[in-house]
Amino acid sequence: MSLTNKAKAYIRKHHEKKSAAEIAEKLNQDKKDVQAYIDEISEPLPFKKKAAFYAITLSIPVLFFVVLEVVLRGVDYMGNTELFIDPNIPQGEYYMPNPNFAARYFFYTKTIPNPSSDVFLQEKPENGFRVFAMGGSSAAGYPYGYNGTYSRVVSDMLSDAMPDRKVEVVNVATSAISTYTLFDQVDEILEQQPDAIMIYAGHNEFYGALGVGSNENLGAFPGFVRFFLKLQRFKTFMLLREMIVNSGQWLASALSNEQPATGTLMERIISDQSIELNGPEYELAMIQFRSNMKAIIQRFADADVPVYLSTIASNVKDQPPFVSIDEDQNPPADEIYGTAQSLYQNGDTASAKEQFEYAKDLDGLKFRAPSDINKIINSLPDSYPSTTLVPVHDAFEDASPDGIIGNNLMLEHLHPNQEGYFLMGRSFAESLLGDLTDQGITSADNLNPGSYYDEMYISDFDNRIVHHRLRTLKQGFPFVIDGTDNPYQFSYDPEGIVDSLAFGVVHKNIRWDAAKVELGNYYKNQGMTDKALLEYKGLIRNQPWNDSPYVYAARMLINQNNFTDAEPYLRKAYELAPREAFTTKMLGSIELNKGNAEEAIRFLEESRQINPKDPQMLYNLSGAYGTNREFEKALEIANRVIELNPNYPGIQQWKQQLERIINSRRN
């Protein structure tokens, strides 16, 4: 008698607790059949079947996460967080730092800071020399950005010193990030074949993303945090992170009835506003900074990439401490700052300098790096021969009255003004050029470093943007601890086009480059050529891959019959975009005026292929053929001009002249 499925199910459930006889009696089955089935299901699986069973069992959750990862990537969850992206200018030729890459590090703070818009070739040329700049907001050039960054000064100086090399200086520095972020960038930077690395970092070790006093903190073990950052390359991990963070924020909000955090990025990222000098959190920050910097430098050293590591500077003379801690271990910061001011006013500048530095170190709100950060930076090159110390802090002190850094080089607590950023760039460039000269790669003997200050092309418009960014910054934390009830921008009435456009860039999402084009055209129409050129030159410096600002400048100069100054802009525009009717037409006209008929014909024929119905181009082309003694061709093109515009100035007389020449040659 065969067993039914129901009987088999009963046997599988009870065979370990009951005997075959008991089960047979219960089911009214033959004992031998029951025992045979018990023996069958109790027989161990062969090894291969068992291995297959466990493999299938374990693969189910793995397969789930693989599918989930594929789906999340397919829907572009949280966007592209790679360090570099293709900006499509033109498509497939360049990379640039990804504006969204910092989403990796900010999971409590929803405002994501952006890096610069420096572009570089996807395929590094054989004559390429590629440098990457790393760091926080000062390295990123805040509040200038664009042409205010120190890295642009480095690019200018290196390009002039190495005219036979394709120099690319790419700034990946970003506001509010710590050395954890810098470490996380290393592998992706190495993929781009750098020739050198510049690092200006240390101010954000307390409150930057993943810093010890930040809301974005992951603990006190640098090795664990760096491993955590590696996992964030997976979309699944980021999804789990967001779920945990959002659940925690919802629960905290529900229990405490607190409103969502508002204010500046500075205020939202702060967790601890009172960190005592040499206290536990302070020591953790020093351990974190030293550990991360060693790991960063070692990775570059392993890849034979030299690192240029800079000491950092801040405003000690004209920035009082933000928070004064009244503890027995250390004196209050504000008292020491007051002592420093008194010493300075009494002429004891050496003692004042020490006390200003001490007051900065005692400041409980550690937006300015304490002196121990520079001590660590100074010590690192001794252990890494491929690392060069760049003495920016010393350069700032040397350029400051009495050697005390203040508002002469700083806009507020730690961001340099234009002179300060220029000094940073010059310091880095001279360090790089010194090593390159020693290696026989180049020579900087013919450079005039001071000339590069004006070549930053910072205009009134750019400075007005700085004004509005600083005013916005200083009306909130940490300059105003309790915030402000009436932000100035809500009732501000801009004065004139420069102020209006600058205000729009800061508060109304007007694009910086679009505003500069509008302002340049305004100046051009007002006959203010120098001011217009300054805006166009600023655009060119920021977007050297874009032919448009070269054409804007050339058009304006040509309208003033200044072909000599227009020619370099036209030639650069032609190099970037050869198939442009205006550029080729005007280069042809310039060559014709020089008497270079064959070159004129080449350019004008290129223009003709793009826009064959341009009477001005055809008239000049006819003249070029005539100058080249190809009179029949010249007459043919002159007749075409007349077909398009019989009243074109000078065409009838030119045709008659050509006919006389041709007839005389025939006779």
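In this predicted model, β2 and β3 run antiparallel and are joined by two bridges. Within this pairing, Tyr94 has Leu121 of β3 as its bridge partner. Strand β2 covers residues 94–97 and also pairs with β1. That second pairing is antiparallel too, again over two bridges. Here Ile85 is matched with Met96 of β2.

Together the strands form an open sheet of three, in the order β1-β2-β3. The pairing is antiparallel. β1 (84–85) and β3 stand at the edges. Each has a single partner strand, so one side of each lacks a neighbour in the sheet. In a regular strand, side chains alternate between the two faces of the sheet.

Strand β3 (120–121) also contributes to a pocket, supplying at least two residues of the lining of the second largest one. The space in this pocket is about 1,100 Å³. Its lining comprises 33 residues. Nearest the centre lie Ser155, Ser159, Ile540, Pro544 and Tyr550.

Several other elements supply at least two lining residues each: α5 (150–161), β5 (166–171), α19 (529–542) and α21 (563–576). Helix α5 gives the largest share, with six residues. By class, the lining holds 15 nonpolar residues. A further 13 are charged, and five are polar. Empty space of this kind is revealed by rolling a probe the size of a water molecule over the atoms.

The nonpolar interior was examined next. The largest nonpolar core contains 107 residues. Leu158, Ile199 and Phe300 have the most contacts inside this core. Residues up to four places away in sequence are set aside in the contacts of Leu158. With that exclusion, Leu158 touches Phe129, Val131, Val167 and Val169. Leu158 also touches Leu432, Leu433 and Leu436. The range given for α5, 150–161, takes in position 158. The range of β5, 166–171, takes in positions 167 and 169.

A second core is separate from the largest one and has 33 residues. Among its members are Phe461, Val517, Leu557 and Tyr569. Position 569 falls within the range of α21, 563–576, and α21 is one of the elements that line the second largest pocket.

How values were computed: Residues numbered from 1 in each chain as written. Predicted model: local features only at pLDDT ≥ 70, side-chain atom pairs only at ≥ 80, totals over all residues. Heavy atoms only, no water. 1 Å grid on protein atoms, 1.4 Å probe; cavity = no way out; pocket = protein on both sides within 12 Å on 5 of 7 lines; lining within 4 Å. Points joined across faces, edges and corners; volume = space filled by probe spheres on them. Helix = DSSP H or I, 4+ residues; strand = E, 2+ residues; numbered from the N terminus. Nonpolar A, V, L, I, M, F, W, Y, C, P; charged D, E, K, R; others polar. Pairing = 2+ DSSP bridges. Core = buried A, V, L, I, M, F, W, Y, C linked by side-chain atoms within 4.5 Å. Buried < 20%, exposed > 50% of the residue type's maximum accessible area, 1.4 Å probe, protein only. Contact = heavy atoms within 4.5 Å.
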